[in-house]
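Subject: A structure for you to look through

Hi there,

Here is the structure I promised to pass on to you. Have a look around it first, and then read on for what I found.

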Amino acid sequence: MLKLSDSETVGLLVIGGSLDGKDRQQIDELEFHDLKANGQVQLRSNDILKKLHGARARFASFLYINFVHFHGDKNAFAGNTFEGGVELTDCVIDRHLSFSYSTFLGVFTFQKNRIDQADLYFTGCHIRENFWFGQHHQAESTAFSGKLSLLAATVSANSIVGIFRLNESAQLAGELLLKDMLIKGLLDIRYVNVRNLQMQGAVVPGNVQEDGSVTGAVKDRGTARLLKNEAKKINNQIGGLSYYRKEVQAHARELRWRNWEDRLLLLLNQISNNYGTSWSRGVLFTLLSGLLCFTAFWLCAENSLVSQQPANFWATYINFIWLPSGLQGLLDTTGRLHGGIAGVCFFLLGKVLIAYGIYQTIAAFRKYL
């Protein structure tokens, strides 16, 4: 066990082996509670076999963590103050690493690390500078199937939190937990392919930008609503529509059966134009709902209408879906109703659905306006 608790350093502190990760040092447990590190600290080329833990420590200068293999599930830099920058690169994290409830006054950089199944926690952190997580630019994506949590973290007005390149587009895995964050600056999410993104309760005086890669990971209404509103802030109409559809779908799942009117309305919106995003579905809904009601009307009226016009089904149907034709076809030449009460109901229902379908088609045509 290497214990640095209740100590103070002045100059450079190096814990570990070579700069390139080849000459390594094994440490069962590293403890640094209440450490005051006034100089630069380098933790490099180590195997932390059991746990690393320390709280209330202050790092006045840069903290470099390079070529470190974190074994086990008890590795935590929680509750510390990092006045200089923190660079964590070329490391392997098997299961768990936490910086929760820490304050970052300098730049935090997390790149080129192997985090396949790790759970990474920055819960309740205060981020006062830029925070870079993941691979930049054209680098290969990082495979990640664990959790990245910034629950209740605070991002200052001058800070950018960038989360980049997690998983390839065909490999949806892992969770991004950003609930209850206070984002005064910018949260930038790009090329992040996770299976679950949660942002319920987040407050955004600043901005959230994302490239659409996380759309499929949004499952709840709160996250969809927040991202919809953020898209509207920057006039991203297309992105806003995607999240509007997600929001309405989540709302439909939440409704109880006693709200049958809302459930019916949302169902009709979905099947008629996919919540205002598909004009082709609107056209198909108009034609098929009209055909279904007209067929039912035709069958109810077969004793009178079919006997008079047995070969004119399609011609009569076309006349039926032409709304200016009004109630033409509902009455015979003597003024008698075709099909009785049932026929009248199907006839009028068909006219209503056709009018609704036309309206939904026009609304979907206007989705980018």
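Let's begin with a definition: a disulfide is a pair of cysteine sulfur atoms within 2.5 Å. Please keep in mind that this is a predicted model, and every value below is computed from it.

**Cysteines**

How many disulfides does that rule give? The count is zero. Take cysteine 300: its closest cysteine sulfur belongs to cysteine 345 and is 9.1 Å away, so the two are too far apart for a bond. Cysteine 91 is in a similar position, because the sulfur closest to its own, in cysteine 125, is 17 Å away, again too far for a bond. The surroundings of these residues are worth a look as well. Cysteine 91 is buried, because its relative accessibility is 1%. Cysteine 300 has a relative accessible area of 32%, so it is partly exposed.

**Salt bridges**

Now for the charged residues. Side chains of opposite charge can pair when their charged atoms come close. How many salt bridges are counted here? There are eight salt bridges, and I picked out three for you.

One of them joins the side chains of arginine 56 and aspartate 34, at 3.0 Å from N to O. This pair links distant parts of the chain, 22 residues apart. Arginine 56 sits in the loop between strand S7 (46-53) and strand S8 (58-59), while aspartate 34 sits in the loop between strand S4 (25-31) and strand S5 (36-37). Arginine 56 counts as exposed, at 54% relative accessibility, and aspartate 34 is partly exposed, at 27%.

Another is formed by arginine 190 and aspartate 188, whose closest N and O atoms are 3.0 Å apart. Is each partner buried or partly exposed? Aspartate 188 is buried, with a relative accessibility of 8%, whereas arginine 190 is partly exposed, at 33%.

The third one I chose pairs glutamate 230 with lysine 233, at 2.9 Å from N to O. Both residues belong to helix H1 and are three residues apart, about one turn of the helix. Glutamate 230 is buried, at 6% relative accessible area, and lysine 233 is partly exposed, at 42%.

**Helices**

Next, try following helix H2, which covers residues 237-254 and has 18 residues. From its first C-alpha to its last, H2 reaches 26 Å, close to the 26 Å expected at 1.5 Å a residue. Its buried residues are Gly239, Gly240, Leu241, Ser242, Tyr243, Glu247, Val248 and Ala250. What covers them? The cover includes strand S28 (207-210), helix H1 (221-233) and helix H3.

Helix H3 (residues 260-273) contains leucine 267. With 44% relative accessibility, leucine 267 is partly exposed. Together with Trp260, Leu264 and Ile271, Leu267 forms a nonpolar patch on the surface, and the accessible area of the four adds up to about 400 Å².

Helix H4 (residues 279-300) has 22 residues and reaches 32 Å between its first and last C-alpha, close to the 32 Å expected at 1.5 Å a residue. Among its buried residues are Gly282, Phe285, Phe294, Phe297 and Trp298.

**Two buried residues that touch**

Finally, I would like you to find two residues that meet in the structure. Valine 155 is in strand S22 (residues 154-155), and glycine 185 is in the loop between strand S25 (182-183) and strand S26 (186-192). Valine 155 is buried, at 1% relative accessibility, and glycine 185 is buried too, at 7%.

Leaving out residues up to four places away in sequence, what does valine 155 touch? Its contacts are Ile127, Val161, Met181, Leu182, Ile183, Lys184 and Gly185. Counted in the same way, glycine 185 touches Val155, Ser156, Ala157, Ser159, Gly206 and Asn207.

Each of the two also has a partner further along the chain to look at. The C-alpha atoms of glycine 185 and glycine 206 are separated by 4.7 Å, and these residues are 21 apart along the chain. Valine 155 and valine 204 are 49 residues apart along the chain, with 9.6 Å between their C-alpha atoms.

Enjoy exploring, and write back with any questions.

Best wishes

Definitions and conventions:
Residues numbered from 1 in each chain as written. Predicted model: local features only at pLDDT ≥ 70, side-chain atom pairs only at ≥ 80, totals over all residues. Heavy atoms only, no water. Buried < 20%, exposed > 50% of the residue type's maximum accessible area, 1.4 Å probe, protein only. Patch = residues over 30% accessible without salt bridge, like charges linked within 9 Å, V, L, I, M, F, W, Y side chains within 5 Å. Areas by Shrake-Rupley, 256 points an atom, 1.4 Å probe, with all protein chains shown as cover. Helix = DSSP H or I, 4+ residues; strand = E, 2+ residues; numbered from the N terminus. Expected span 1.5 Å × (residues − 1). Contact = heavy atoms within 4.5 Å.
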